[in-house]
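Visitor: Could you take one part of this model and go through it closely, from its own geometry to what surrounds it? I would like a connected account rather than a list.

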Amino acid sequence: MAKSAAKDDAKSEPIPADIQAMSFEQALAALDDIVQKLETGRVGLEESINIYTRGTLLRRHCEAKLTAAGERVEKIVVGADGSAAGVEPADIK
């Protein structure tokens, strides 16, 4: 039950301004740094909880950036005669 409550809190927590200001690459690098710290086991419990929470927010930010980028990608529509007939949003899910 505690896990579900923690997940719900992380989903509803607003993404802080410092994370929102990050590019996808910056957020991914920060997330990678957090994973490295957690994998080493050299951080205390309290810090682990704090950086895990930040990692969850970074992950959400990266997912939002990817979704926004995906919505901007367009695919070329080829007409019956083989020529480009225009563009339409790409279905990249």
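Guide: In this predicted model, helix 3 runs over residues 24-40, and its 17 residues reach 24 Å from the first C-alpha to the last, close to the 24 Å expected at 1.5 Å a residue. Within helix 3, Ala27, Leu31 and Ile34 are buried; these three cover an arc of only 55 degrees around the axis, which puts them on the same side of helix 3. The face turned away from that buried side carries Glu25 and Glu39, both exposed. After helix 3 comes Gly41, with a positive phi near 75 degrees.

The partner of the buried side is helix 4 (45-72), against which the buried residues of helix 3 pack. Helix 4 has 28 residues that should span 40 Å at 1.5 Å a residue, and its end C-alpha atoms are 41 Å apart, which agrees. Its buried residues include Ile51, Leu57, Leu58 and Cys62, but also Arg60 and His61.

Ala27, Leu31 and Ile34 also belong to the largest nonpolar core, a set of eleven residues that is completed by Ile15, Ile19, Met22, Val43, Ile51, Leu57, Leu58 and Cys62. Helix 3 and helix 4 are the elements that give two or more residues to this core, and the largest share, four residues, comes from helix 4. Leu58 illustrates how these parts meet: leaving aside neighbours within four places in sequence, Leu58 is in contact with Ala27, Ala30, Leu31 and Ile34, and also with Ile19 and Met22. In soluble globular proteins, nonpolar side chains tend to be buried together.

Note on methods
Residues are numbered from 1 along each chain as its sequence is written. This is a predicted model: local features need pLDDT of at least 70, side-chain atom pairs count only at pLDDT 80 or more; totals for chains, interfaces and linings use all residues. Side-chain values use heavy atoms; hydrogens and water are left out. The expected span of a helix is 1.5 Å times one less than its number of residues. Buried means under 20% relative accessible area, exposed over 50%, partly exposed in between (1.4 Å probe, protein chains only). The arc is that of the directions from the helix axis to the C-beta atoms. Contact means heavy atoms within 4.5 Å. A nonpolar core is a set of buried Ala, Val, Leu, Ile, Met, Phe, Trp, Tyr and Cys residues joined through side-chain atoms within 4.5 Å.
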